[in-house]
Each structure stands twice: as C-alpha cells, then as structure tokens.
Amino acid sequence: MKTGFIGLGAMGAPMAGHLHARGLLTVVGNRTQAKADALAAELGVRAVVSAADYAECDLVVLCVSADADVLQNVQALSEVLKPGARVVDHSTVSAETAREAARILTARGIGFLDAPVSGGAEGARNGKLSIMVGGSESELDAVRPALEAYALRITHMGATGSGQCTKAVNQVLVAGINEAVCEGLAFGEKLGLDPAKLLPTLGAGAAGNWFLDKRGASMLRREYVPGFKCAHLLKDLNIVLGMAKAVGVSTSVIEHALADYARLVERGLGDADTSALIELKREG
Ligand code: NAP
C-alpha cells in the first residue's frame, strides 16, 4: 500500500514515522514545505511539491489543522488520485466537512474515511491512538494495516461523519476534564500543598485521569509545550457547540471552556498547550 501523508505537525510527523517503520510511506507533504523536506530527508522518502506527486498513492492520510485545510487537500487529491485509491482524514473537523469530503471523493471513485484520533502527541509518538472511524467497513478493512501502525484501538463507529461525531463527544469530556484539573491544581497551589505529594495522591484515586497524569507536573512547572494547542481546542469547541445546539443538549461545559480558550488565544497563547488554562485559574 503506497501511502502519502499530509500534515506533519505534533500528530502527523510521528504518525508518518510509524507508517515508514512498516514500509508503507512513500511521500510526505505539509503547508510549510521546509517541514516536509526535513522529514523526507530524515526518513528517506519523497517530499511532495504538488498534488500530482500523490498520483501513484493507494492511500493518502491527512492530519491537518481545520475544516478548510481538509477540503482544500481533498479537492486537490480528487483531481489526481486513481479510482480505487483511498483518503483517510485524522484531523478534527465537523461531521459535515467529513460528508462533503466523501461526496467530492466518491464522485471520482475514491474512498474516504473520517478517522479522528485521541491520545495526544504522546499517543502519536508511542503509536497508541484511539481511532474513531466513519465510513464503509470494507474501506476500513482495506486500510487497517496502515492505521494499525499507530493505533491502540480502531473502532468503526458507523456511516461517514460518525467518526467526527464521536470525536465531538470526546472533546466535551476533554474540555471538562481540563477545566477540573486546572482549577483543582491552581487551588492546590494556593493552599500550599506539595505537588510531589499532591499529583500521585490524586492520580491514585477516583480523580485520576489522562490529563492529570500527562500534564499535571508540567503545568505546575508553568511549562505549556504542545501537546495539544489551545487554538485547536477552541476550533473543536466551536464545532462541538454547533452540533450540540443542533441536537438540543446542555452546552454549559462547552460554552464555559469555549470562553476560556478564546481568552487564552486572545492573549497570544493559541500555540500553547491546553494545560495553559491553569493560568486563568490562578487569577481567581
Ligand atoms: P499542528 O501541530 O498544528 O500540525 C498541523 C500540521 O498540518 C502543520 O504541520 C501544518 O503545516 C499542516 N497543515 C495545516 N494546514 C495544511 C494544509 N492546508 N495543507 C497541508 N498541510 C497543512 O496540529 P496537530 O496537533 O498535529 O493536530 C492536527 C489535527 O489533529 C488537528 O485537527 C487537531 O485538532 C487534531 N488532533 C490533535 C491532537 C493533539 O493532541 N495534538 C490530538 C487529536 C487530534 P504548518 O507547518 O504550515 O503549520
């Protein structure tokens, strides 16, 4: 399976590396060309200069920033890929964007799966991502050997868009957990508790969770290296809010978190990790 990879950021670069380790990676592309050139040189694959360089790919994997980036790449790929090729999108975007991408590609006989991921940058580095997939099950079976290169779990959730719907639910939990952990740790600081004792004590009980485990120590050191950028969670929460309002469900957690990440982005912390939220909590 000749595979191309587009979007070589915190998630995409290590995922492309896992495909390379399995002998599947042929070409890599990225908006900022220097990143593609550097990874291509490191791995000994080709860096893409135009969409035509993907023409021979059986599979192209996307992990780009936002909805417009997905649709722009999908449009370009629809013009060069051969019928029977497949595109898998790991970016977090709306379910409607996934359906639009599928419409563009299937009109040309190209398969499409929306397959957002969870597990953070360390999940991408360790090859332990949870992948939530929407689209045809037979298309998923065809690309499974590639996805297994960086998956802890692959779940077929249903028709096109249901991967992104699952990710939207995931992001409500992520946003709420981040709020609670950042508020709790800021509270612990003000009470003068010893972080060396506080973190393992909380982690061993009912309050233990991924975010506390992976980001607790670094946020107490005031280090916010992404990880997962505040600007990306703000983008996700805007998508999630629209979806939640459309189906009619409480949006209090979503709206609170959305306002917080909007403030962080306004302060120039869009590229900081989402654990920078503790800065707002420290202000009281
Ligand atoms: P990132 O570090 O900002 O990387 C995004 C990459 O995509 C950058 O290298 C960027 O290029 C490239 N890109 C953006 N638009 C492009 C386009 N139109 N064409 C080609 N390349 C393009 O973001 P990330 O953290 O890897 O996240 C990527 C996606 O996965 C996002 O949708 C995010 O919400 C989602 N996600 C992230 C995490 C996480 O923990 N980080 C977890 C799950 C899901 P430049 O070099 O020009 O910026």
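**Fold, buried positions and cysteines of the predicted chain**

At a relative accessibility of 0%, Leu147 counts as buried, where buried denotes under 20% relative accessible area, exposed over 50%, and partly exposed the range in between (1.4 Å probe, protein chains only). The structure is a predicted model, in which local features need pLDDT of at least 70 and side-chain atom pairs count only at pLDDT 80 or more, while totals for chains, interfaces and linings use all residues. Residues are numbered from 1 along each chain as its sequence is written, and side-chain values rest on heavy atoms, with hydrogens and water left out.

Leu147 belongs to helix α6, which covers residues 137–147; helices (H or I, at least four residues) and strands (E, at least two) are DSSP runs numbered from the N terminus. When residues up to four places away in sequence are not counted, Leu147 touches Val88, His90, Ile131, Leu140 and Ile154, a contact being defined by heavy atoms within 4.5 Å. Of these partners, Val88 is 59 residues from Leu147 in sequence, and the two C-alpha atoms are 9.3 Å apart in space.

The chain as a whole contains 12 helices and nine strands. Its radius of gyration is 19 Å, close to the 19 Å given by the globule rule for 284 residues, so the chain is as compact as a globular protein of that length. The radius is taken over C-alpha atoms, and the globule rule is 2.2 Å times the number of residues to the power 0.38. Along the principal axes, the C-alpha atoms fill a box of roughly 60 × 45 × 35 Å. Buried residues account for 50% of the 284 residues. Among contacts in the chain with a separation of 6 or more, 66% are made by residues 24 or more positions apart.

The accessible surface of the chain comes to about 12,600 Å², and carbon and sulfur atoms contribute 56% of that area. These areas derive from the Shrake-Rupley method with a 1.4 Å probe; for residues, only the protein chains shown count as cover. There are 28 positive and 31 negative side chains, and the centres of the two sets lie 3 Å apart. Lys and Arg are counted as positive and Asp and Glu as negative, without His or the chain ends; each charge is placed at NZ of Lys, CZ of Arg, CG of Asp or CD of Glu.

Helix α4 spans residues 95–106 and includes Thr97. Ala98 and Ala101 are also found in helix α4. Thr97 is buried at a relative accessible area of 7%, Ala98 is buried at 1%, and Ala101 is buried at 0%. Beyond neighbours up to four places away in sequence, Thr97 touches Asp67, Val70 and Leu71. On the same basis, Ala101 touches Leu71, Val74 and Phe112, whereas Ala98 is in contact with Phe112, Asp114, Thr160, Gly161 and Gln164. Leu71 is thus a contact of both Thr97 and Ala101, and Phe112 is a contact of both Ala98 and Ala101. Ala98 and Phe112 are separated by 14 residues in sequence and by 8.5 Å between C-alpha atoms. For Ala101 and Lys214, 113 residues apart in sequence, the C-alpha separation is 34 Å.

In helix α1 (residues 12–21), His20 is partly exposed, with a relative accessibility of 30%. Leaving aside neighbours within four places in sequence, the contacts of His20 are Leu25, Leu43 and Val45. His20 and Ser78 are 58 residues apart in sequence, with C-alpha atoms 24 Å apart.

Two backbone features occur in the loop between α9 and α10. Arg222, in this loop, has a positive phi of about 60 degrees although it is not a glycine. Gly227 lies in the same loop, between α9 (210–220) and α10 (230–247), and the peptide bond from Pro226 to Gly227 is cis, with omega near 10 degrees.

With a disulfide defined as a pair of cysteine sulfur atoms within 2.5 Å, the count is zero. Cys182 is in no disulfide, and the nearest cysteine sulfur, that of Cys230, is 9.2 Å away. Cys230 is likewise in no disulfide, its nearest cysteine sulfur being that of Cys182. Cys182 is buried, with a relative accessible area of 0%, and Cys230 is buried at 0% relative accessibility.
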